[in-house]
Amino acid sequence: MEKKIPYKTYLDESEMPKQWYNLRADMKNKPAPLLNPGTLKPMTVDELEQVFCRELAEQELDDTTPYIDIPKEIQEFYKMYRPSPLVRAYCLEKALDTPAKIYYKFEGNNTSGSHKLNSAIAQAYYAKKQGLKGVTTETGAGQWGTALSMACAYMGLDCKVFMVKVSYEQKPFRREVMRTYGANVTPSPSDTTEVGRKILAEHPGTTGSLGCAISEAVEVAVGTPGYRYVLGSVLSQVLLHQSVIGLESKTAFDKIGVKPDIIIGCAGGGSNLGGLIAPFMREKLRGENDYRIIAVEPASCPSFTRGKYAYDFCDTGMVCPLAKMYTLGSGFIPSANHAGGLRYHGMSSVLSQLYHDGYIEATSVEQTSVFAAAEQFARTEGILPAPESSHAIRVAIDEALKCRETGEEKNIFFGLTGTGYFDMVAYEKFNNGEMSDYIPTDEDLEKGFAGIPDVNL
């Protein structure tokens with residue numbers, strides 16, 4: 001008789017991670033180093049400290065320490081909303097009539113509505129510890145900005161957020177949550193910074209991009225005494241903090257005696273996917289277990305599936321370090337799709353190296369099919385998912401339907417990064433039949449590729 005798996009598997013506080021896991025420590029091929037754009041030499045901690053907090057700069061460059069202690073203050077903060085549940089999607093399985101078993105890790109059980117708080121509180125903690133006055137950042141859909149505003153309010157820090165203009169206009173309630181927590185929110189590109197004014201002059205009427213917003217946030221951080229810049233995705237330090245997702249998931253799966261066959265995560269910059277897969281990828285790298293890992297990105301911003309693996313600027317203004325990653329070019333401005341958190345032109349260097357080495361698969365999906373999956377999930381599982389998460393849901397459903405055709409009983413696991421209750425404009429567009437699918441042409445992509453610097457190392 002098959003063992004009955006609970007709808008939700010919770011860990012108790014004693015089972016919560018006490019350390020973050022640094023995936024880079026187990027990678028045979030380490031991610032290529034960040035480069036100083038002026039010298040093309042690897043960035044040092046002292047150089048990174050001009051932009052980031054000292055301890056975060058050290059975490060960013062640490063490729064060898066496998067486990068890093070989570071400070072007690074952060075552990076206590078995590079207890080307000082962690083551990084998050086591992087959920088068996090029985091109702092979705094029934095609706096799909098599939099022999100597959102579907103699981104998801106739900107990260108939306110906090111006011112920010114997403115997984116972003118896991119790293120926001122860590123970065124705010126280190127800023128406070130260093131004695132800083134405040135931090136600056138960018139945000140796409142708004143989950144990161146919301147999470148950081150919460151963390152800064154908790155730590156007593158000032159918070160300046162540059163929000164991608166299309167999301168600023170589409171998601172006014174997300175913006176107001178940030179302001180409620182005390183953040184100053186500016187639509188990007190703006191006329192308040194030198195780089196913002198330059199971008200507006202070159203691209204009048206632009207809806208903005210994460211690359212634009214990053215440039216503005218970095219300019220303000222570097223030019224304002226007592227401030228540092230913090231980032232919600234892409235960076236290795238962020239993937240480190242987000243490893244709590246995967247560590248909890250692995251413990252929960254071990255607790256119920258289940259091994260996932262397929263692990264699926266949405267991919268924009270890499271924070272969710274990198275955190276979700278961390279301990280599973282460790283086993284894969286060490287030859288202890290094998291998993292099929294799928295990164296899902298929007299067809300409108302296909303960094304993995306159509307990008308180039310090269311050194312590129314992390315921001316449109318070209319003021320940040322160069323990172324080797326799958327990129328569409330720092331000047332690429334994606335269409336105004338409704339998954340703002342997945343509109344970044346590049347991908348984490350860690351995930352890019354793993355993808356390049358064949359440890360990860362990638363696929364892209366169109367937004368109308370994504371929202372169809374989101375509504376099916378909402379109607380069966382009772383949670384309205386964020387558009388970003390719904391990319392993973394789309395592929396999880398597709399894999400479950402394949403199992404229905406073949407009769408295979410695979411264990412499918414995906415990350416539900418957060419809720420979509422501030423994304424109702426997008427759902428309205430879909431329900432009204434007003435949502436369209438945009439896929440950039442090769443000619444569109446070439447414009448972005450033309451700006452990739454010629455770095456031969």
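**Exercise 1. Find which residue of strand 5 is the bridge partner of Val87.**

*Solution.* Val87 has Tyr104 as its bridge partner in strand 5. Keep in mind as you look that this is a predicted model. Next, take Arg88, whose partner in strand 5 is Tyr103. Now step back to the whole pairing: strand 4 (residues 86-88) and strand 5 are joined by three bridges in the antiparallel sense.

**Exercise 2. Work out how strand 5 pairs with strand 15.**

*Solution.* Start with Tyr104 again: its bridge partner in strand 15 is Phe414. Then look along both strands. Strand 15 (residues 411-416) runs parallel to strand 5, and six bridges join them.

**Exercise 3. Place these strands in their sheet and name the strands at its edges.**

*Solution.* Begin with the order, which is 1-4-5-15-10-11-14. These seven strands make an open sheet with mixed pairing. Now go to the ends of that order. Strand 1 (8-9) and strand 14 (361-365) each have a single partner strand, so one side of each lacks a neighbour in the sheet.

**Exercise 4. Decide whether the two faces of strand 5 are covered or open.**

*Solution.* First, recall a general point: side chains in a regular strand alternate between the two faces of the sheet. Next, sort the residues by side. Lys101, Tyr103 and Lys105 lie on one side, with Ile102, Tyr104 and Phe106 on the other. Every one of these residues is buried, and both faces are covered. The count for strand 5 (residues 101-106) agrees: six of its six residues are buried.

**Exercise 5. Describe how helix 9 packs with helix 10.**

*Solution.* Start with the geometry. Helix 9 (residues 194-202) and helix 10 (residues 210-223) pack at about 150 degrees, and their axes are 8 Å apart. Because angles over 145 degrees count as roughly antiparallel, helix 9 is roughly antiparallel to helix 10. Then pick out the residues that touch: Glu194, Val195, Gly196 and Ile199 from helix 9, and Cys212, Ser215, Glu216 and Glu219 from helix 10. Finally, sort the residues of this contact by type: three are nonpolar, two polar and three charged.

**Exercise 6. Explore the largest nonpolar core, starting from Leu351.**

*Solution.* This core has 73 residues, and those with the most contacts inside it are Trp20, Tyr78, Leu351 and Leu354. Now zoom in on Leu351. Leaving aside residues up to four places away in sequence, Leu351 touches Leu239, Gly270, Leu273, Gly274, Ile277, Phe304 and Ile360.

Technical notes
Residues numbered from 1 in each chain as written. Predicted model: local features only at pLDDT ≥ 70, side-chain atom pairs only at ≥ 80, totals over all residues. Heavy atoms only, no water. Buried < 20%, exposed > 50% of the residue type's maximum accessible area, 1.4 Å probe, protein only. Helix = DSSP H or I, 4+ residues; strand = E, 2+ residues; numbered from the N terminus. Pairing = 2+ DSSP bridges. Core = buried A, V, L, I, M, F, W, Y, C linked by side-chain atoms within 4.5 Å. Contact = heavy atoms within 4.5 Å. Axes fitted to C-alpha atoms, helices over the stretch in contact; angles between N-to-C directions. Parallel < 35°, antiparallel > 145°, perpendicular 65-115°, else oblique. Nonpolar A, V, L, I, M, F, W, Y, C, P; charged D, E, K, R; others polar.
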